[in-house]
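I opened my notebook to record what I looked up in this model, beginning with a turn between strands and moving on to enclosed space and helix packing.

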Amino acid sequence: MILFDHVYKRYPGGQEALKDICFDLPTGEMAFLTGHSGAGKSTLLKIITLIERPSRGQAIVNNKNLSTYPRRHIPYLRREIGVVFQDHKLLYDRTVFDNVALPLVVAGHRHQDIGRRVRAALDKVGLLKKERVYPITLSGGEQQRVGIARAVVNRPPLLLADEPTGNLDAALSDEIMDLFVSFNQHGVTVLVATHDLRHIKRLRMPVLTLSQGYMVDGQQKQGQMDL
Amino acid sequence: MISYLLRHLQVLFYTLGQLTAAPLATLMTVAVIGITLALPSGLYVLLENMQRMTAHWEGGAQISLFLQTTTSDSAAQKLAEKLRRTPGVAEIEYLSADDALLEFKQLSGFGEALDALDSNPLPPVLVVWPAPDYSKPQALEALRKSFSKFGEVDIAQLDLEWVKRLHIILRLAQRGVLLLGGLLGMAVLLVISNTIRLAIFNRKDEIQIIKLIGGTDAFIQRPFLYSGWLQGTLGAIMAWLLVTLGLALLAGPIGDLAILYGSQFNLANMALGPSMALLGIGGGLGWLASRIAVGRHLRAIEPT
Ligand SMILES: Nc1ncnc2c1ncn2[C@@H]1O[C@H](COP(=O)(O)OP(=O)(O)O)[C@@H](O)[C@H]1O
Ligand SMILES: [Mg+2]
């Protein structure tokens, strides 16, 4: 699903955020992406969603080569990837329902279809009763679950999360992580960036570790990747 | 197809909702557009009216022969008789100096002021209506020249001259209105593209989020394009109302003026065609303005 082959990312300021990254996340798997703050976790996820382009190397996501991917097709690539953000990135002037419906509206789904799918997604995150309220009235954990419902509402094959539990207490954060595990059990490929080692110990999942832009752990598959 | 239309309708209503959510700002923008469009539209309507008023004058060309003030009544009558038999003359009317003064007093309202004069300053006049087959400008000019040779005739004036001149002036004025309209259209373009630019920056976060979840540029720009179109159209409606109001205010005095000149004249409001054109131009300018704003600013807003 995701394949990085000697990927570098240098920001315009000259900051080398990723250096020589090689890894492979097979379809249907779930992995954690970890490392201290500033290690390059967010940058790696931004490359997968083409918010940033790799400076060097090949990155392939869902069989698409990101280095040469045309700009006008980017929205269609993003529809295949659900993304959950630490700061939720919800629209606070729209209801929970409208927030979750947004990816479907954007993709031009039919009206009846949208209602059914939004309720299914809200049901999965346990917020079915809150569809009419505005996100600002919800707790942090609930807002994050709205974000997750929005990420999975159009059933993308790939789900990314950037520190999704960063602002939550342990119990809430476990609930959120368990949600990702359950999506993975339904066949979604999941990559979660977190510096919370507790989840990594609790859930026995593959771990990719970044340190100062290098991948220091999880490169065991590099041999297969030298194309 | 129906769901496609439905989606556009949804965006339209959503846009309308956004505009009415800030009624004062929207009203101000619409008023600025309305006033800007009303100026050339109003001038256009006035010109149309003037053209309508003068259109039938060309057919009724006259030649006025202002006689020497010393010409006696009988000499003038004799000249009238002579001219009546000339080819090219259909009808002739003699207006003695006294008649002319009387008519002028009645029409101008300067009666008392004229009473104060001890002598009549007006010359006697022969008004000649040319025969229909002499309606071509060259024939009329030849006729006028032949009249001016008579010793009693001081000035022979072809009234077509000033009709022609008026038409040239009207055409010139039309060009002027077109030019003014072009300039003010640019102003409308700038006003709307600026409000759209502000709207885009006000909704920067929303745009970034929609781009993140796979919204295309076409999807994101749609509400802005509708917003520009709506503002332009509402501005055009405002302009139409302003022109109508202005004409209503002018109608009374202009009617009085027309009666003073012995004619009936009603100011006509904008016809259906030009009204529709105004609406189309307003909406089109709004659409174009938002296209420009969207093209310049939407691309620059990328998620980070
Ligand atoms: N837009 C940017 N421009 C320049 N430097 C950046 C930008 N984003 C991140 N960086 C730098 O890249 C490095 C990695 O950042 P990031 O990927 O956000 O790390 P993490 O998510 O692991 O904390 C940091 O040193 C950061 O300062
Ligand atoms: Mg980060």
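**Hairpin in chain A**

I looked first at the hairpin of β9(A) and β10(A), where two residues lie between the strands and A:Q212 takes a positive phi near 50°. I keep in mind that this is a predicted model. The strands themselves, β9 with residues 207–211 and β10 with residues 214–217 of chain A, pair in the antiparallel sense over three bridges. Looking up the partner of A:T209, I found that its bridge goes to A:D217 in β10(A).

**Enclosed space**

I then searched for cavities of 30 Å³ or more, and the structure holds one. The space in the largest cavity comes to about 120 Å³. Its lining has 13 residues, and the closest to the centre are A:I81, A:G82, A:V83, A:A151 and B:I213. I noted that β6 (81–84) and α5 (140–152) of chain A each supply at least two residues of this lining. Sorted by class, the lining of the largest cavity has seven nonpolar, three polar and three charged residues.

**Helix pair in chain B**

Last, I examined how α9 (residues 217–260) and α10 (residues 272–297) of chain B pack, and I recorded an angle of about 145° with the axes 7 Å apart. The crossing of α9(B) and α10(B) is right-handed. Among the residues that make the contact are B:F224, B:W229 and B:W240 of α9(B), together with B:L278, B:W287 and B:R291 of α10(B). By class, the residues of the contact between α9(B) and α10(B) are twelve nonpolar, nine polar and one charged.

Note on methods: Residues numbered from 1 in each chain as written. Chains lettered and ligands numbered in written order. Predicted model: local features only at pLDDT ≥ 70, side-chain atom pairs only at ≥ 80, totals over all residues. Heavy atoms only, no water. Axes fitted to C-alpha atoms, helices over the stretch in contact; angles between N-to-C directions. Helix = DSSP H or I, 4+ residues; strand = E, 2+ residues; numbered from the N terminus. Left-handed = near helix turned anticlockwise from the far one by under 90°. Contact = heavy atoms within 4.5 Å. Nonpolar A, V, L, I, M, F, W, Y, C, P; charged D, E, K, R; others polar. Pairing = 2+ DSSP bridges. 1 Å grid on protein atoms, 1.4 Å probe; cavity = no way out; pocket = protein on both sides within 12 Å on 5 of 7 lines; lining within 4 Å. Points joined across faces, edges and corners; volume = space filled by probe spheres on them.
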